[in-house]
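Biologist: Got the model open? Let's go through it together, a question at a time.

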Amino acid sequence: QVQLVESEGGLVQPGGSLRLSCAASGFTFSSYAMRWYRQAPGKEREWVATITVTGSTDYANSVKGRFTISRDNAKNTVYLQMNSLNAEDTAVYYCNVYIPRASWGQGTQVTVSS
């Protein structure tokens, strides 16, 4: 089955950086666009970033210029480099692939606090 395992979240101070990872399995990773989403307490899940099969990227306005999505097809892994973090970035972060067999993983918690 399709599996998406997020990791490398944690507690960081405002202005800090963090690099999230998502290990994918159960499908041909290189043939699919990958996305990052996040969900803050009391809020709906929101889209953060997309990377296509050709490496094109797109970002939500709230993270544009601060976050970078990338992928390593040899490792079946998508990353999210997060810089200049602020309290508004506190959320559970999820990766996602738009295929019928996919489901949300457990996510990884990112907490930005001093």
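Biologist: Leaving aside neighbours within four places in sequence, which residue of strand 9 is Met 82 in contact with?

Modeller: This is a predicted model, by the way. Away from its sequence neighbours, Met 82 is in contact with Gly 16, Ser 17, Leu 18, Leu 20, Arg 66, Phe 67, Tyr 93 and Val 110. Strand 9 covers residues 91–96, so the match to that range, with strands taken as DSSP runs, is Tyr 93.

Biologist: Which strand gives the most to the largest nonpolar core?

Modeller: That core has 31 residues, and Met 82 and Tyr 93 are among those touching the most other members. Strands giving two or more residues include strand 8 (77–82), strand 9 and strand 10 (108–112). The top contributor, with 4 residues, is strand 3.

Biologist: How many residues of strand 9 are buried?

Modeller: Strand 9 pairs with strand 4 in the antiparallel sense over 5 bridges, with Arg 35 bridged to Asn 96. Another 3 bridges join strand 9 to strand 10, also antiparallel, and Ala 91 has Val 110 as its bridge partner there. Strand 9 is mostly covered, and its buried count is 6 of 6.

Biologist: What is the S to S distance in the disulfide, and does the cysteine pair sit buried or exposed?

Modeller: The structure holds 1 disulfide, and it links Cys 22 in strand 3 to Cys 95 in strand 9, 73 residues apart. The link is right-handed, with 50 degrees about the S-S bond. Both Cys 22 and Cys 95 are buried, and the S to S distance is 1.8 Å.

How values were computed
Residues numbered from 1 in each chain as written. Predicted model: local features only at pLDDT ≥ 70, side-chain atom pairs only at ≥ 80, totals over all residues. Heavy atoms only, no water. Disulfide = S-S within 2.5 Å. Buried < 20%, exposed > 50% of the residue type's maximum accessible area, 1.4 Å probe, protein only. Core = buried A, V, L, I, M, F, W, Y, C linked by side-chain atoms within 4.5 Å. Contact = heavy atoms within 4.5 Å. Pairing = 2+ DSSP bridges.
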